[in-house]
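What follows is a guided reading of one protein chain, moving from its sheets to the helices around them and on to two individual positions. Please keep the structure in view while reading.

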Amino acid sequence: MYQPREQFQLQERSAFDLAGSSLSLERIIGILRRQWPVIAGVVGVAVAICLVYLLTATPMYTANTRILMDTRQTQVLDKDNGTPNALIDPGFVDSQVEIITSDDLIRSVVRRMNLTEDPEFNGSDPGLLPAIIGKVIGLFGSDGPASKERIERGTVAAVENNLKVERLLTTYVLSASFRSRDPDKAAQIANEIADAYIVGALDAKYQSTKRASEWLQQRSAELREQATASDRAVQTFKSQNNIVGTSRGLMNEQQLTDVNTQLIQARAATSEAKARLDRIEAISDKDLAQPTVTDALNNPVITRLRAQYLDLQAQYSDWSARYGKTHQASVNLANRMEELRKSIADEVKRIGDAYRSDYEIAKSRETSLEENLKNLVSQAGNTGQAQVKLRDLESAADTYRNLYNSFLEKQQQAMQNQSFPISESRIISTAVKPDRKSSPKTVLSLIGALFGGLCFGLGAAFAREMLSDVLRSPIEVEDEIGVKCLGVLPAIGAKAMGLPKVRGSRPPDGGADAGPLSRYVIDHPFSRYAETMRNIKVSIDLARLSREVKVIGIVSSLPKEGKTTVSANFAHLTAFTGKRVLLIDGDLHTRSLTKELDPTAKSGLLEALKSPQSVGHHIRRSAETGLDFLPSFAVTRMVNSADIMASKAMADLLTLLRNEYDYIVIDLAPVMPVTDAKAISHLIDAYIYVIEWGRTTRTALQESMSSSEGIQKKVLGAVLNGANPKMLKRIEGYKGSHYNAYYVEGA
């Protein structure tokens with residue numbers, strides 16, 4: 001039956017997704033077993049290419065010299081200045097690398113060593129491959145014979161290509177390596193480049209120091225004249241404007257400061273008087289007998305009057321409550337209270353007049369100080385303008401004097417450095433003749449070829465597998481369609497040798513014994529093909545223990561997948577065990593099984609459907625195995641074959657045959673091209689699905705399996721047919737060398 005995939009997984013497999021496919025460890029191992037010739041071939045090609053390269057490549061030798069960037073040498077004259085040595089900027093070290101590899105420095109080495117005459121660098125002996133490339137390029141045009149300048153540029157470029165300069169980690173050491181075919185020449189050129197760099201650095205420093213000294217000398221003379229002229233201008237301006245400098249400044253400046261201070265104080269006093277006046281005026285409009293008003297004034301007279309007022313108010317309240325408000329005593333108390341209220345108001349008015357007088361006095365003083373300040377500012381205006389100009393003149397004079405002193409000091413230092421040239425670099429390791437070649441590296445190249453070939457081989461193998469849409473192992477079948485794979489049938493006959501299939505001839509007696517392919521299990525009973533057929537029978541027999549399985553349909557997704565051969569061999573094998581077996585050719589379109597087993601038949605299934613009781617007249621029996629075969633005969637191809645297969649007559653015929661036979665095997669038409677197998681699915685007890693090994697695509701298999709629910713539910717298992725025997729040995733290598741010991745293909 002059609003079963004979920006999880007039922008066939010014996011254990012949980014770890015897997016990951018790759019390009020939408022599940023790639024488990026088992027599948028990876030299977031890919032390696034199937035594709036190891038591809039991997040080995042790619043590795044072999046890579047190693048062969050590497051060997052050819054090693055045999056044809058010109059040995060190169062590398063000499064190395066090292067240069068240290070040491071700025072402490074240039075600080076010999078400054079050792080008494082007490083300043084610590086500063087670290088070298090990493091950018092400075094990297095800049096020296098560019099200087100060493102510059103065209104000018106390499107050109108000086110080329111000219112000194114006359115390398116333009118050396119065949120290794122001037123292009124006269126480029127080697128086999130470069131010579132071929134040069135000839136090909138020359139076919140598209142040439143500029144004529146090379147000039148000396150062009151030869152020199154080519155030589156410089158060749159030397160630069162063989163030169164490698166780099167900084168060693170984070171140190172101040174530069175490593176200069178030069179490659180050459182001659183070890184002596186490699187060491188000589190490397191040392192010449194280092195010497196040229198040291199000499200060039202000294203010459204550059206000398207020239208820069210000389211130019212700096214000349215410029216500093218000229219500039220110092222100009223600054224001296226400018227400083228003298230600035231000092232003279234300052235003195236002339238002071239005498240013209242009667243400006244005498246003192247330690248405390250000018251007199252009008254001191255007066256201006258004092259008046260300004262007094263004005264600030266007067267403004268503060270005016271603000272305070274104004275605040276008191278505003279407060280007393282605000283209180284005058286309120287009930288002066290209230291505690292908040294009298295407490296705010298903090299005046300002893302008002303405080304005393306308020307105390308009297310409060311006493312009278314208490315008596316008034318008592319008497320008015322006792323004798324009434326119209327009583328003479330109450331009226332007298334009210335009159336006295338009113339007098340006290342007027343007295344408080346008079347006192348508040350008096351205080352307000354005093355505050356107003358203080359405010360007017362403070363305001364007058366402030367106005368007087370402001371007038372005085374304006375006069376002082378007006379008097380100091382002219383003097384201030386002169387002071388501004390004087391400060392500008394003094395600032396310019398100080399600047400010119402400082403610049404002159406600084407340039408004079410630098411001039412003296414430059415003159416000393418010019419007579420004391422020391423380079424900031426020194427050679428710490430001289431290049432020596434190398435005793436072994438640096439390239440090509442034989443061991444490293446072979447390891448790289450092996451590793452690269454292995455990577456490319458694995459990539460090609462996995463790409464070939466992942467891009468392939470066919471099935472080659474039982475695990476792939478079970479994972480793809482979720483049914484148990486009952487075995488793998490190897491290719492037999494001409495197909496096993498890669499030749500086109502040749503139909504076998506019918507035996508002389510006209511029975512059901514046909515060519516070698518349809519009865520391969522009988523002719524080779526101990527072969528793997530026969531044993532796989534027995535496994536299919538055992539699986540069917542086990543299913544028969546729990547339910548009735550008599551009518552067995554043999555189907556495939558597409559034509560030419562070998563279902564007819566599988567049907568014939570399975571029927572022969574089952575009949576040979578003594579069971580009553582009927583093989584029916586149910587493919588009414590091609591009738592391949594009839595053409596194989598009984599090509600001369602003139603009646604068969606169609607006639608039996610018309611008269612089921614006469615089915616015995618149309619059945620042919622094999623004398624050797626006892627297999628009964630019901631052929632199909634039709635003059636022309638039928639257009640209603642699906643209706644015939646699903647008809648009641650077919651159901652009645654199968655019901656009759658169930659009582660006569662133990663197994664009824666029907667070779668049905670393919671699922672995808674026609675609908676016959678789907679139409680008869682309700683009459684079939686179980687299906688055996690034939691999948692052609694290495695040819696049936698996953699897409700076709702999925703489509704065919706999902707197209708009919710009736711077939712899905714009754715598929716007992718699938719079988720891979722037509723497997724390549726040689727590749728099977730690689731795929732099943734994990735089963736051991738003795739796995740095929742029980743199979744005798746020729747027996």
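**Two sheets and their surroundings**

Cys485 stands opposite Ala718 in β14. This is a predicted model, and that pairing is a convenient way into its eight-stranded sheet. β7 and strand β14, the latter covering residues 715–723, run parallel to one another and are joined by five bridges. The sheet to which they belong is open, with mixed pairing, and its eight strands follow the order β7-β14-β13-β8-β12-β9-β11-β10. Its edges are formed by β7 (485–490) and β10 (620–621), each of which pairs on one side only. Across β8 (551–556), β9 (581–585) and β12 (663–667) lies helix α20, made of residues 648–658, and this helix runs at about 145 degrees to β12.

A second open sheet has four strands in the order β4-β5-β3-β6, and here the pairing is antiparallel. The edge strands, each pairing on one side only, are β4 (163–167) and β6. On average, and with direction ignored, neighbouring strands of this sheet are turned by 25 degrees against each other. Strand β3, residues 61–69, is held in antiparallel register with β6 over four bridges, and within this pair the bridge partner of Leu68 is Arg426 in β6. Helix α2 (residues 90–100) packs on the sheet, where it touches β3, β4 and β5 (173–180), and its direction makes about 175 degrees with that of β4. Helix α6 (residues 148–162) also lies across β4 and β5, but runs at about 45 degrees to β4.

Helix α3, which spans residues 103–113, shows how burial can be distributed around a helix: its buried residues are Leu105, Ile106, Val109, Val110 and Met113. They cover an arc of only 140 degrees around the axis, and therefore lie on the same side of α3. The spacing fits a general rule, since an α-helix has 3.6 residues a turn, so residues three or four places apart point the same way. On the face of α3 turned away from this buried side are the exposed residues Asp104 and Arg111. Asn114 follows α3, and its phi is positive, near 55 degrees.

Two individual positions deserve a closer look. Which residues, beyond its neighbours within four places in sequence, is Ser438 in contact with? Ser438 is found in the loop between β6 (425–429) and α12 (442–467), and its contacts, with those neighbours left aside, are Met60, Tyr61 and Thr62. Ser438 counts as buried because its relative accessibility is 17%, and the cut-off for burial is under 20%.

Gly352 has its place in helix α11, residues 328–418, and it too counts as buried, because its relative accessibility is 6%. Although Gly352 and Asp278 are 74 residues apart along the chain, their C-alpha atoms are separated by 9.1 Å. With neighbours within four places in sequence left aside, Gly352 is in contact with Leu277 and Ile280.

A word of caution concerns confidence. The protein chain has a mean pLDDT of 79, and 79% of its residues reach 70 or more. Over residues 1–14, however, pLDDT stays under 50, and the model has 34 contacts beyond four places in sequence for this stretch. Residues 501–515 likewise stay under 50, with 38 such contacts in the model. Where pLDDT is low, the predicted coordinates should not be read in detail.

Notes:
Residues numbered from 1 in each chain as written. Predicted model: local features only at pLDDT ≥ 70, side-chain atom pairs only at ≥ 80, totals over all residues. Heavy atoms only, no water. Pairing = 2+ DSSP bridges. Helix = DSSP H or I, 4+ residues; strand = E, 2+ residues; numbered from the N terminus. Contact = heavy atoms within 4.5 Å. Axes fitted to C-alpha atoms, helices over the stretch in contact; angles between N-to-C directions. Buried < 20%, exposed > 50% of the residue type's maximum accessible area, 1.4 Å probe, protein only. Arc of directions from axis to C-beta. pLDDT = per-residue confidence, 0-100.
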